[in-house]
Amino acid sequence: MTASLLDLDAATLGARVAGGEVTPLAAVDAALAAMRERKLGRDGLNAVLHEDAAAARRDAGQVASFLATGRHAERRVPLAGVPIAVKD
């Protein structure tokens, strides 16, 4: 399932998370695994300077809790649960 998650564009992944087909944690774990496999961190390409997997997983849990309330249906939150990397 990881390869297929990484092939999705952000809008499609967001829709699948909102629809319950994919959990936010699964999306985060797929992104973290891809970073490590591609050696994007300091031990490789040095494209990712800081990885906080614990915070990413914690945030995924918070998104999952939010989605479980059903409030996302009344608010437009299309990218809830979609992992991102922030460029400095």
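In this predicted model, Asp 59 pairs with Arg 58 in a salt bridge whose closest N and O atoms lie 3.6 Å apart, and Asp 59 itself, at 36% relative accessibility, counts as partly exposed. A search of the whole structure finds 4 salt bridges, among them the three listed here with their N to O distances.

| Acidic residue | Basic residue | N to O distance |
|---|---|---|
| Asp 59 | Arg 58 | 3.6 Å |
| Glu 21 | Arg 16 | 3.9 Å |
| Glu 51 | Arg 36 | 2.5 Å |

In the pair formed by Glu 21 and Arg 16, Glu 21 is exposed at 55% relative accessibility, whereas Arg 16 is partly exposed, with a relative accessible area of 32%. The salt bridge between Glu 51 and Arg 36 ties together parts that are 15 residues apart in sequence, because Glu 51 lies in the loop between helix 3 and helix 4 while Arg 36 belongs to helix 3. Both partners are partly exposed, Glu 51 with a relative accessible area of 34% and Arg 36 with one of 46%.

Helix 4, which runs over residues 53-69 and has 17 residues, reaches 25 Å from its first C-alpha to its last, close to the 24 Å expected at 1.5 Å a residue. Its buried residues are Ala 53, Ala 55, Ala 60, Phe 66 and Leu 67; they cover an arc of only 155 degrees around the axis, which puts them on the same side of helix 4. On the other side of the helix, Ala 54 and Ala 68 are exposed. Helix 2 (10-18) and helix 3 (24-37) are included in what covers the buried residues of helix 4. Just after helix 4, Gly 70 takes a positive phi of about 85 degrees.

Technical notes. Residues are numbered from 1 along each chain as its sequence is written. This is a predicted model: local features need pLDDT of at least 70, side-chain atom pairs count only at pLDDT 80 or more; totals for chains, interfaces and linings use all residues. Side-chain values use heavy atoms; hydrogens and water are left out. Helices (H or I, at least four residues) and strands (E, at least two) are DSSP runs, numbered from the N terminus. The expected span of a helix is 1.5 Å times one less than its number of residues. Buried means under 20% relative accessible area, exposed over 50%, partly exposed in between (1.4 Å probe, protein chains only). The arc is that of the directions from the helix axis to the C-beta atoms. Contact means heavy atoms within 4.5 Å. A salt bridge is a side-chain nitrogen of Lys or Arg within 4 Å of a carboxyl oxygen of Asp or Glu.
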